[in-house]
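Got your viewer open? Let's take a walk through this model, one selection at a time.

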Amino acid sequence: MTNESAANFGRRGFLKGVAAATSLVPRIAPTITTGGVVAVSVATSKAQQAIDTASNQQSSKLPAPDLGYESLSPDAAGFVEAMVNIMCPADSLTPNGVDCGLATYIDRQLAGGFGKGERLYMHGPWKQGKPQHGYQLPLTPEQFFKAGVAAANEAAQKKFGKEFADLAPADADAFLHDLADGKVNDAGVPLGSWFNELVYPLFVQACFADPIYDGNVGKVFWKMIGYPGLPATHTHDMVEFRGKPYPQAKDPKGIADFS
C-alpha cells in the first residue's frame, strides 16, 4: 500500500472506492477528505442529529462485539479503539469502529497465527532488505504492532502532551494522516511502514472479513456496499448480476450461516 492511498483513508472515500470496484452499490455518501472529522455548522446541525439518531438505532440492532482482548494490553487497546473510531466514525452508514468489531478483529489477528508469525521465516541474520523482499523484521507482526503503538503514543505525547487515546478527534485524525504520510518519526520503529503495511491493512480486513473472525459485526459493511457474502462465489450469479444490485445483498450470508 502506498502512502498516498493510506493517507486518503477517509471512511466514505475508502468505501466509495470499494463500491466502485465491486459495482454493487447504487449510491454511496460523498467523500469526506478529513477522515471522518466534520465541522458541523448551525445550519447543518439538524441533519447531523438525524445522522446520529440513525447511527444509534443501527448500532442497537447489531450484536455486541466479543468482550475482552486476547493480545492487546489496556494501553494498546485504548489506542486501537480510538484509532478505529476515528477511521470509522459513527454515522448513518455504520456505528463506530469499536461497535463494528474492528478493534476486536485486530486483537484476534494479533493473538492468532498471523500475529505470532507462524508463516514467517523468523531466523537471522537480519539484514536491510528491499521493499520487494517483503517483511524483513526480527519481530512477529504482534510484536511489531505493539512496538508501533508504543512509539506512536510517545510521539503523540511529545506533540500534544497527551497519549493518542486522549486526543481531540481533529488532532487524532491529523496525527493518523501524518503517520500515513511518514511524517512521524521514531528512532526504533519505522512508523510509516508500520501504519501503511500493518495497521491499515488490518483495518481494511476488519471491515470486510467474514464476521466469524469478529470484525464486520452484523455484516454491516457487506450490507453497506451490497455484498451478498458467500453467495457471491456462485459464478452464474456473478455474471448475471455484474454491475447490478444483487437481490441477496440485503441479507448477506457468512461462513456461520452455512455451518
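Start with the whole protein chain: read along the sequence, its pattern is α-α-α-α-α-α-α-α-α-α-α. In other words, there are 11 helices and 0 strands. Here helices (H or I, at least four residues) and strands (E, at least two) are DSSP runs, numbered from the N terminus.

Before you click further, know that this is a predicted model, where local features need pLDDT of at least 70, side-chain atom pairs count only at pLDDT 80 or more, and totals for chains, interfaces and linings use all residues. Residues are numbered from 1 along each chain as its sequence is written, and side-chain values use heavy atoms, with hydrogens and water left out.

Now colour by burial. Of the 259 residues in the protein chain, 42% are buried. Buried means under 20% relative accessible area, exposed means over 50%, and partly exposed is in between (1.4 Å probe, protein chains only). What about contacts, meaning heavy atoms within 4.5 Å? Among contacts in the protein chain with a separation of 6 or more, 66% join residues 24 or more positions apart.

**Stop 1: helix H5**

Select residues 102-111, which is helix H5. How many of the 10 residues of H5 are buried? It's 9, so H5 is largely enclosed by the rest of the structure. Pick out Leu102, Ala103, Thr104, Tyr105, Ile106, Asp107, Arg108, Gln109 and Leu110 to see the buried residues of H5. What do they pack against? Switch on H4, helix H6 (113-116), helix H7 (141-160), H9 and H10, and you have the partners of those buried residues.

Next, zoom in on Ile106, which lies in helix H5. Ile106 has 0% relative accessibility, so it counts as buried. Skip residues up to four places away in sequence, and Ile106 touches Val80, Met83, Val84, Phe145 and Leu202. Now add Gln205: Ile106 and Gln205 are 99 residues apart in sequence, yet 8.7 Å apart in space, C-alpha to C-alpha.

**Stop 2: H4 against H5**

Keep H5 and add helix H4, residues 74-87. Two packed helices are described by the angle between their axes and the distance between the axes. H4 and H5 pack at an angle of about 130°, with their axes 9 Å apart. That angle makes H4 oblique to H5. The axes are lines fitted to C-alpha atoms, for helices over the stretch in contact, and angles run from 0 to 180 degrees between N-to-C directions. Angles under 35 degrees count as roughly parallel, over 145 as roughly antiparallel, 65 to 115 as roughly perpendicular and the rest as oblique.

The crossing of H4 and H5 is right-handed. That's the label if the near helix is turned clockwise from the far one by less than a right angle, and left-handed is the label if anticlockwise. To see the contact, show Val80, Glu81, Met83 and Val84 of H4 with Leu102, Ala103 and Ile106 of H5. By class, those contact residues are 6 nonpolar, no polar and 1 charged. Ala, Val, Leu, Ile, Met, Phe, Trp, Tyr, Cys and Pro count as nonpolar, Asp, Glu, Lys and Arg as charged, and the others, Gly among them, as polar.

**Stop 3: H7 and H8**

Hide those and bring up H7 with helix H8 (residues 169-180): they pack at an angle of about 125°, with their axes 12 Å apart. H7 is therefore oblique to H8, and their crossing is right-handed. Look for Ala152, Ala155, Ala156, Lys159 and Phe160 in H7 meeting Asp171, Phe175 and Asp178 in H8. This contact has 5 nonpolar, no polar and 3 charged residues.

While you're in H8, click Leu179. Leu179 is buried, with a relative accessible area of 1%. Beyond four places in sequence, Leu179 touches Val184, Leu191, Gly192, Trp194 and Phe195.

**Stop 4: the loop between H9 and H10**

Finally, go to Lys219, in the loop between helix H9 (191-208) and helix H10 (220-225). Is Lys219 buried or exposed? It counts as buried, at 16% relative accessibility. A polar atom of the Lys219 side chain lies 3.1 Å from the backbone oxygen of Pro252.

Two more residues deserve a click in this loop. Most residues other than glycine have a negative phi. Asp214, though not a glycine, has a positive phi of about 85°. Asn216, also found in the loop between H9 and H10, has a positive phi near 50°.

Methods
Contact means heavy atoms within 4.5 Å. A polar contact is a pair of N or O atoms within 3.5 Å; within protein, one must be able to donate a hydrogen and the other to accept it, and residues adjacent in sequence count only if both atoms are side-chain atoms.
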